[in-house]
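This report describes the fold of one protein chain, moving from its disulfides to its sheets and cores. Please read it alongside the sequence and structure shown here.

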Amino acid sequence: MGALRRAALALAALLGVSLAVLEVHVGTSLVFSVEGQQAVLPAWYTSNSLNKPYVTWMLNKNAGPFQVLSYLGGVPKVEETDLKPRVGFLYSIVTHNISILINDTREQDSGQYMCTVNVVDDTIRLEKNVGIINLTVLVPPATPTCQLHGNAVVGANVTLSCSSKKGKPSPMYQWQRESPTLQVFFPPAQDRARGTLKLTNLSLEMSGVYVCRAENQAGSKNCSIVLEVHSTSTKAVIAGAVLGSLGALATIIFFAQKVVSYRRKKRDSQEEGPNEIKEDAMAPKTPSWARSPASDTMSKTSTLSSIAGTRQPYGARPPSDTASILTTTGSYRGPPARGGGRPPNPSPPAVNGTPRRRQDPAATPGSLPPSSLARAGAVPVMVPAQSRAGSLV
């Protein structure tokens, strides 16, 4: 390098041209690296000065440029950035080689790197002392995910999908069917950008292992899926059986609840029936004889007993063929007198063994004529007549 420089200086002296112009050179303007590997950004400068240069490397991203590395007064300095533990000069600066090395590259290391050189006693032209290199860190695809969309039965259509969550640039996808029946697919059945494969009119022979490969410039990864084509839909049969069982169970529970509810209502109605008072029910009609006072009821009973137990003496006047009338008020009216005579006043019957005082029928306050009793709702009671021997006729 030193001999080449001296030869260039000698040639310049012969031609009378001054080479005292500082200039930065780059080996390439584009550098690609795979994530996790090393990246070298090649650069050097030319100058006739023997003084030590002032070198800076900056990274320009969307947020703006920031300094990552510098060389001043013969001492390199790494700035406080994400690159600090992974960046440095590749060679010694005295050789005019200002290339840098980045270890374990990451996707965020991508960007535009700008190198600037200044020498104290050298002439500087605009943009001649600056070198620019663009770094792109490639990211291999992550392991993709294979999925089946649709019901794999004979005659149906299904779609196989393949997707990788990581990759720079975006990966492309390729489907193929593995042995023993090797098959490669092409558009339009396969969409390489989206990673889908459409299989139409399925048959049992299309069953097998299908492999998807996601690939870009940084690498590739695979995933696989097993396609089993069935003659009938097993899932539909299982679903139908489950739904049928649930329906039968629901029906049984429904009718059981109805039966229990019916029996409970029937038991409650039987228990509450005797004690229940219905507001709309009609009160029972009281018989006309039940409306009489208690004394009248006792009088009727005693009168009947007295008549049944009294025997007329032999030779007495024969009773009339017309039966005596006992009214509902309890007053006893004997048989009518024959020949227009006044009817005899029999002795009043005894009540509970105590003879009752004879009262004048005309003076009795409770006595009413038959016409009045009929209008009041009294019911006549026929009492059979007695013969002379005391037997009923």
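A disulfide is taken here as a pair of cysteine sulfur atoms within 2.5 Å. The structure is a predicted model, in which local features need pLDDT of at least 70 and side-chain atom pairs count only at pLDDT 80 or more, while totals for chains, interfaces and linings use all residues. Residues are numbered from 1 along each chain as its sequence is written, and side-chain values use heavy atoms, with hydrogens and water left out.

## Disulfides

The whole structure was searched, and two disulfides were found. Counting bonded cysteines along the chain, their pattern is 1-4, 2-3.

| Disulfide | S-S distance |
|---|---|
| C146 and C223 | 1.8 Å |
| C162 and C212 | 2.2 Å |

The link of C146 and C223 is right-handed, with 75° about the S-S bond. This pair connects distant parts of the chain: C146 belongs to strand β13 (residues 145-149) and C223 to strand β20 (residues 219-227), 77 residues apart. Strands here are DSSP runs of E with at least two residues, and helices are runs of H or I with at least four residues, both numbered from the N terminus.

Are the cysteines of this link buried or exposed? Buried means under 20% relative accessible area, exposed over 50%, and partly exposed in between, with a 1.4 Å probe and protein chains only. C146 has 15% relative accessibility and therefore counts as buried. C223 is buried as well, with a relative accessible area of 11%.

For C162 and C212, the torsion about the S-S bond is about -90°, so this disulfide is left-handed. Distant parts of the chain are again linked, with C162 in strand β14 (residues 158-163) and C212 in strand β19 (residues 208-216), 50 residues apart. Both C162 and C212 are buried. Another cysteine, C115, counts as buried at 1% relative accessibility.

## Strands and sheets

The chain has four helices and 25 strands. Two strands are said to pair if DSSP finds at least two bridges between them. In general, strands of a sheet pair through backbone hydrogen bonds, either parallel or antiparallel.

One open sheet is formed by six strands with mixed pairing, in the order β2-β12-β10-β5-β6-β7. Its edges are β2 (30-34) and β7 (75-78); each has a single partner strand, so one side of each is left without a neighbour in the sheet. On average, neighbouring strands of this sheet are turned by 25° against each other, direction ignored. The angle is taken between axes, which are lines fitted to C-alpha atoms (for helices over the stretch in contact); angles run from 0 to 180 degrees between N-to-C directions. Within the sheet, strand β10 (residues 111-118) and strand β12 (residues 130-138) run antiparallel and are joined by six bridges. The residue opposite Y113 in β12 is I133.

A further open sheet has four strands in antiparallel pairing, ordered β13-β14-β18-β17. Here β13 and β17 (190-191) are the edge strands, each with a single partner strand, so one side of each has no neighbour in the sheet. Antiparallel β17 and strand β18 (residues 196-199) are joined by two bridges, and D191 has T196 as its bridge partner in β18.

Strand β19, which carries C212, pairs with strand β15 (residues 172-177) in the antiparallel sense over six bridges. Q176 has V211 as its bridge partner in β19. β15 also pairs with strand β16 (residues 183-184), antiparallel over two bridges, and β15 and β16 make a hairpin with five residues between them. R177 is bridged to Q183 in β16.

## Cores and contacts

A nonpolar core is a set of buried Ala, Val, Leu, Ile, Met, Phe, Trp, Tyr and Cys residues joined through side-chain atoms within 4.5 Å. The largest has 27 residues, and those with the most contacts inside it are L41, W57, I98 and V117. Leaving out residues up to four places away in sequence, L41 touches V31, W57, S99, I100, I102, Y113, I133 and L135. A contact means heavy atoms within 4.5 Å. A second, separate core of 19 residues includes V158, L160, L197 and C223.

## Whole chain

Of the 393 residues in the chain, 28% are buried. Among contacts with a separation of 6 or more, 58% are between residues 24 or more positions apart. The chain has an accessible surface of about 25900 Å², of which carbon and sulfur atoms hold 58%. Accessible areas come from the Shrake-Rupley method with a 1.4 Å probe; for residues, only the protein chains shown count as cover.
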